[in-house]
Amino acid sequence: MTSPIERLAAILPTQRQRLAATLLLLTLTLAGGLALIAYQSRPSATSTGTGWLQVQRQPLENRLGLIGRIEAATRQTLTAPFDGLVQRLTITEGQRVDRDQLLLTLDTTQLDIQLRQALAELLKARRTVRDMQDWTHSDEVARARRAVTNAELNLNDTAARLADTRRLFERGIVARMEVEALEQQLRLQRLDLDASRTELRAAREKGQGESRQIAEMELANAQSRHDGLQALRDRRELRAPFAGIVLRPQKIEGTGSTTQIQAGQRVGQGTPLLELASLERLNATTRIEEADLHQLREGMPVQITGDGFDGLVLQGRVLAIGAQAIPSETYGSGSTYEVVVAIDPLSADQQQRVRLGMSARLAVVTYRTESGLAVPAEALRRDDDGTTFIIHRSDMHAPLQRTEVTTGRAVPQGVEVFGMEPGYVELPVP
């Protein structure tokens, strides 16, 4: 059986005409084959026929792009807990430190003197309260009790001698003057006995009531002072409360510029020694225009990338949105608001690559659904009563049907719709 090319060549008169005809038929055959291949290679997931688009459930997501910087989530200024000298400095400015690493040590010579004085006052107060608790056997009560006993003995002795002297006076042996002298002495000793008994009662009452409360409060004050000084002494070694980087403390308004702390330098209580910026938890700070503010909510997921840590995609969430507007530097433009994004804890390798102050690109996921349907805007139709619908079929062999839908957000894939099932939607033919 001969081919079409051979049959055409057979009826042509010359060899040149036969060759030209052969080339023409080969060109037409090749063009047809390429057209068939192009037609068969069209992706079925995009279009299966003229004016039809396949729609399947897929993740739908909207993102808001912002530019910001990496900052420490926690900054802490470490101050001198007491007056003294910087005895030892183990770190330098800009150094990375681990949690609980020793930073510097302060001399405690002057503090030790105060601590010993406080201990002496504490011991005295303890002894006073201890005596109050067993006050009936205290030295003061014992002395008052002995004074009463002596007064009673002296009074009894004088009373006995007065009785003997009166009998002798009645017999005319002694003069009246001796009787009167003993009577006077007896009256004085009775007064002394009353005074001694009063002192004994006062001594006994001293171990209770207000006197005891005063002693207990003085003990509490002495204990607090001693404990406070001891706690300060325990802080003679300043250690890092968290892993971070050592910075020079920020300038306090009205105090001039800060200087780097040196070993041997005298510092006063409360003097800023250094600042520690956390590397364990980082934030990304940015600003958002007033017109875009309505898109943000606290807790929205954020993806953070940057040129300084190229290849890393950090995850985070919107932590706070500023309540006070920041006036824009551009005249006539709207205000901006500060946005703080909390970055998820970084691994040790990530901490080495991400540094404070780096610029960052923030992609805030303002909307996301894991399984949604989206169609091109031109697939949506509207009838006279305002109802939105699409022309839909479950597959290319199924009958057409008019499906009313509810539109949602505009997404990169088109417009999110509700009320339809996956399948094919009709697109208007140009």
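So, the barrel: six strands close up in the order β2-β11-β14-β13-β12-β15, and the pairing is antiparallel. Going from one strand to the next, the twist averages 45°. Keep in mind that this is a predicted model.

Let me zoom in on one seam of that barrel. Strand β2, residues 58-72, runs antiparallel to strand β15, residues 359-372, and eleven bridges join the two. If you want a spot to click on, take leucine 64: the bridge partner across in β15 is valine 364.

Okay, over to the helices. I looked at α3 against α6, which is residues 210-234, and the two pack with their axes 8 Å apart at an angle of about 155°. Anything over 145 counts as roughly antiparallel, so that's what we call α3 relative to α6. As for handedness, α3 passes α6 in a left-handed crossing. And what's in the contact between them? You get 13 nonpolar residues, along with eight charged and seven polar ones.

Now, α3 turns up again when we go looking for empty space. The largest pocket comes out at about 170 Å³. Which elements give two or more residues to the lining of that pocket? Those are α3, residues 109-133, and α4, residues 139-170. The largest share is from α3, with five residues. On your screens, you can pick out the lining as Lys124, Arg127, Thr128, Asp131, Met132, Trp135, His137, Ser138, Asp139, Glu140 and Lys206. By character, six of the lining residues of this pocket are charged, three are polar and two are nonpolar.

That was the open space; what about the enclosed kind? With a cut-off of 30 Å³ or more, the count is one cavity. There's about 120 Å³ of space in the largest cavity. Its lining is made up of 13 residues, and the ones nearest the centre are Val246, Gln260, Ile261, Leu273 and Leu274. Two strands, β8 at 244-247 and β10 at 272-278, each put at least two residues into that lining. How does the lining of the largest cavity divide by residue type? Eight are nonpolar, three polar and two charged.

If you put those two linings side by side, the pocket has six charged and two nonpolar residues, whereas the cavity has two charged and eight nonpolar. That's where I'd start looking when you open the model yourselves. Okay, that's me done, happy to take questions.

Note on methods: Residues numbered from 1 in each chain as written. Predicted model: local features only at pLDDT ≥ 70, side-chain atom pairs only at ≥ 80, totals over all residues. Heavy atoms only, no water. 1 Å grid on protein atoms, 1.4 Å probe; cavity = no way out; pocket = protein on both sides within 12 Å on 5 of 7 lines; lining within 4 Å. Points joined across faces, edges and corners; volume = space filled by probe spheres on them. Helix = DSSP H or I, 4+ residues; strand = E, 2+ residues; numbered from the N terminus. Nonpolar A, V, L, I, M, F, W, Y, C, P; charged D, E, K, R; others polar. Axes fitted to C-alpha atoms, helices over the stretch in contact; angles between N-to-C directions. Parallel < 35°, antiparallel > 145°, perpendicular 65-115°, else oblique. Left-handed = near helix turned anticlockwise from the far one by under 90°. Pairing = 2+ DSSP bridges.
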